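Trainee: Could you take me through one part of this model closely, namely how a pair of neighbouring helices packs? I'd like the terms spelled out as you go.

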Amino acid sequence: MADMPLNRLGRSGLKVSALSFGSWVTFGGQVDTGLAKEQLAVAREGGVNFFDNAEAYAGGKSEEIMGKAIAELGWARHTYVISTKIFWGIHEGVPNMKNTLNRKYLLQAIDGSLDRLGLDFVDLLFCHRPDPETPIEETVWAMSDIVSSGKALYWGTSEWSADEIRAAWDIADRRNLHKPVMEQPQYNLFETRRVEKEYARLYEDIGLGLTTWSPLASGLLTGKYVDGIPEGSRASLPGYEWLKGLLTDEEKNAQVRELGALAERLDVTTSQLAIAWVAKNPHVSTVILGASNVEQVHENLGALEALERLDDDVMAEIVGIIHPWTRG
Ligand code: NDP
């Protein structure tokens, strides 16, 4: 297998593997601690050094499982990079603790996450969404204080607008606070707008790094939905009915079928080609992979081989297959 490239996280000095591994939907639902250990071990063997999580995943269980799995695997803390994300909260019916980035919530949420992960600090801490009801300045102070306390080493945002990211960075710059270093946006062949257009100026201006999510658009870009919804797939899971429209979209699936033919010609799988396409963007520091079993982890790490085949001609062919009007 090709060697795993390490990329700088934006302008920071931290290096993350070009492919990383996350736990949304899977850990605490489809994946228990035993399987998580297997997946994490395979990912790490393949060169992955960054593992993504969030407070809200499976109501906190995902952090518990990842923490326990890593502890049982015996990984030394200096050998991996781990993140969590806070915003949605897990305490039902308590004022100030849900869908917020207020100072009280942030300072308590990080303690809860560290407790569940069984760690003294996370490397990366994300504001999982913007909060229009808290001044950005309050959030920047709180995130900067968390970094100063040593409970997180770098902070960033997820699905913030370019203006919000820029405003946060400017406040931190003016007040000598820790600046946001990275953003976690969705980026795949069907979802390109933010990464390619909206954030374009931020890469140079503030050195923004990206840890991108859903490289396979929740499985659509594997080709597994071209003939309907396979049993046990994400679209069939209770609670994820809202994804069915995307995953069974006929026009998109027709394009995925064509992408599959190109992948076959290149002797890679459709998933590997779609993941490699994301990794090819030089602004992407790391592509966060998701997988519900071990085979998928193996297959998706093989995207590194596909990356080597993505020359200009192949890139142009891919653009020709995925119609611009079907992209977000
Ligand atoms: P993908 O778009 O890659 O979807 C992963 C899912 O697709 C798997 O769980 C599996 O689902 C299916 N799949 C993956 N590989 C294969 C394969 N080779 N063959 C067949 N099916 C496959 O990524 P995710 O949506 O899971 O996102 C990745 C990570 O990004 C998350 O774990 C999380 O860490 C992060 N994320 C962050 C968000 C944010 O708001 N910041 C939002 C969403 C994700 P199944 O087998 O069940 O069909």
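Mentor: Happy to! A crossing is called right-handed if the near helix is turned clockwise from the far one by less than a right angle, and left-handed if anticlockwise. This is a predicted model, where local features need pLDDT of at least 70 and side-chain atom pairs count only at pLDDT 80 or more, while totals for chains, interfaces and linings use all residues. Residues are numbered from 1 along each chain as its sequence is written, and side-chain values use heavy atoms, without hydrogens or water.

Look at helix α4 (residues 136-149) and helix α5 (residues 162-175): their axes come within 9 Å and cross at roughly 60 degrees. α4 is therefore oblique to α5 (neither under 35, over 145, nor 65 to 115 degrees). The crossing of this pair is right-handed. Axes here are lines fitted to C-alpha atoms, for helices over the stretch in contact, with angles from 0 to 180 degrees between N-to-C directions. Helices are DSSP runs (H or I, at least four residues), numbered from the N terminus.

On the α4 side, Ile136, Glu137, Val140 and Trp141 meet Glu164, Ala167, Ala168, Ile171, Ala172 and Arg175 of α5, contact meaning heavy atoms within 4.5 Å. Sorted by type, the contact residues are seven nonpolar, no polar and three charged; Asp, Glu, Lys and Arg count as charged, Ala, Val, Leu, Ile, Met, Phe, Trp, Tyr, Cys and Pro as nonpolar, and the others, Gly among them, as polar.

For a companion view, α1 (residues 33-45) and α2 (residues 61-73) pack at about 65 degrees with axes 9 Å apart, and their crossing is right-handed.

Technical notes:
Helices (H or I, at least four residues) and strands (E, at least two) are DSSP runs, numbered from the N terminus.
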